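Got your viewer open and a hand on the mouse? Let's walk through this one stop by stop, selecting as we go.

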Amino acid sequence: MLYQICYIFLIFLSYSIFGWLVECIFCTIVDKKLTYDRGFLLGPYCPIYGWGALYMYCFLTKYKEDPFTLFVMAMVGTTVLEYVTSYMMEKLFKARWWDYSKRKFNIEGRVCLFNSVLFGVLGLVFIYGIHPSYSLFLENLPNQVLIILAVITFIIYLIDNIFSFVIITKLKIQVSMIRRDSTSEIDRQIWNFLSNHNFFIRRLFKAFPHIQILSSRGHQITSAIWSVLERIEKESQKYKRKREKDKRNQKKRIAKIKLKIKNVKNQRKKERLKAKLKKEKSKV
């Protein structure tokens, strides 16, 4: 029983990672820049692909002899999964994470035909290409190794889920606490919040560029978060440029002091220059 649970979990986690990798590659090609911020969680996985893989593993293997039926079932099942995921995350976190309203043949902006077809193709790739080899790999692992691997990765995955859930819950609470209509006041409150949670929220908004906070001032708050994130990014870049400039100037000063030490003959003066050099090197 334990072995079977661990086996199924590794299938879920492996294809969650595979889905994350596929999305990163796809977005990198489309956006023409390296993309690695995908998914709700901090780690390199998109759970929706893992659930999709489990759906195919449990229910679609029997259609292996009928590619067309397999394609349709994969397309329909994963589309339902994406719709339910969108709905549940919206109700749970009071935010709309993705929106396909601008794409043709969409349902409430939660799912669209283009994605459904891609999921159908992935279903064929899963059943005929990837999973037979991967399942054989898992089955060849010693039982104890598979169980230990599953337990360790589950703990890491669980910690990631807890941390991500806590941060997004804090964001939801912060949004609900905003009572002012003033743009400057909203910006101030958002700035104070992001000062402590900038990394995760920045990553989250990059992963879901069409995210929309659902509240009475949801659009205004979402815009404020994007604006503050941009300001923080600009300040960070400005600080990095200053640091680089300071380092260049420091190297010049050190080189100048070393040259003086080399050329000076007076021992006392040389000792003073060495002390000055040591002090200069100690600067951060």
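Before the first click, a word on naming: helices (H or I, at least four residues) and strands (E, at least two) are DSSP runs, numbered from the N terminus. Residues are numbered from 1 along each chain as its sequence is written. This is a predicted model, so to speak of local features pLDDT must be at least 70, side-chain atom pairs count only at pLDDT 80 or more, and totals for chains, interfaces and linings use all residues, while side-chain values use heavy atoms, with hydrogens and water left out.

**Stop 1: the whole chain**

Show everything as a cartoon. You'll find eight helices and four strands, and along the sequence they run α-α-α-β-β-β-α-α-α-β-α-α. Now switch to a surface: about 18,000 Å² is exposed, with carbon and sulfur atoms supplying 64% of it. Accessible areas come from the Shrake-Rupley method with a 1.4 Å probe, and for residues only the protein chains shown count as cover. Of the 284 residues, 39% count as buried; buried means under 20% relative accessible area, exposed means over 50%, and partly exposed is in between (1.4 Å probe, protein chains only). As for contacts (heavy atoms within 4.5 Å), take those between residues at least 6 apart in sequence: 68% of them join residues at least 24 apart.

**Stop 2: a nonpolar patch**

Select helix α5, residues 143–177, and look for Ile162 in it. Ile162 is partly exposed, because its relative accessibility is 49%. Add Val151, Phe154, Ile155, Leu158, Ile159 and Val166, and together with Ile162 you have a nonpolar surface patch of about 600 Å². Patches are built from residues with over 30% relative accessible area and no salt bridge, where like charges are joined within 9 Å and nonpolar side chains (Val, Leu, Ile, Met, Phe, Trp, Tyr) within 5 Å.

**Stop 3: the largest pocket**

Which residues lie nearest the centre of the largest pocket? Select Glu23, Arg38, Gly39, Ala207 and Phe208; they are the ones, out of 49 lining residues. The pocket holds about 1,800 Å³ of space. Colour by helix and you'll see α1, α2, α3 (67–93), α4 (113–140), α5 and α6 (183–207) each supply at least two lining residues, with α1 giving the most, at nine.

How is such a space found? Rolling a probe the size of a water molecule over the atoms shows where empty space is left. Here, on a 1 Å grid over the protein atoms alone, a pocket is an open set of points with protein on both sides within 12 Å along at least five of seven lines, where a cavity would be a set of points where a 1.4 Å probe fits but cannot get out; lining residues have an atom within 4 Å of a point. Grid points are joined across faces, edges and corners, and the volume is the space filled by probe spheres set on the points.

**Stop 4: Asp37**

Next, pick Asp37, in the loop between α1 (2–31) and α2 (47–59). Is Asp37 buried or exposed? It is buried, because its relative accessible area is 14%. Leaving out residues up to four places away in sequence, Asp37 touches Arg203, Lys206 and Ala207. Draw a distance from Asp37 to Phe208: the C-alpha atoms are separated by 8.9 Å, though the two are 171 residues apart along the chain.

**Stop 5: the salt bridges**

The whole structure has four salt bridges, each a side-chain nitrogen of Lys or Arg within 4 Å of a carboxyl oxygen of Asp or Glu. Start with Arg110 and Glu90, whose closest N and O atoms are 3.0 Å apart. This pair links distant parts of the chain, 20 residues apart: Arg110 is in the loop between β2 (106–107) and β3 (111–112), and Glu90 is in helix α3. Both are buried.

Arg110 also forms a salt bridge with Glu108, at 3.3 Å between the closest N and O atoms. Add Arg96 to your selection, and you have the network of salt bridges that links Glu90, Arg96, Glu108 and Arg110.

Now jump to helix α7 (residues 218–263), where Asp246 and Lys242 sit four residues apart, about one turn of the helix. Their side chains meet in a salt bridge (3.1 Å, N to O). Asp246 counts as partly exposed because its relative accessibility is 35%, and Lys242 counts as exposed because its value is 52%.

**Stop 6: two positive phi angles**

Finish with Phe105, in the loop between β1 (95–96) and β2. Phi of Phe105 is near 55 degrees, a positive value in a residue other than glycine. Phe105 counts as exposed, because its relative accessibility is 64%. Then select Glu108, in the loop between β2 and β3, where phi is also positive, near 55 degrees.
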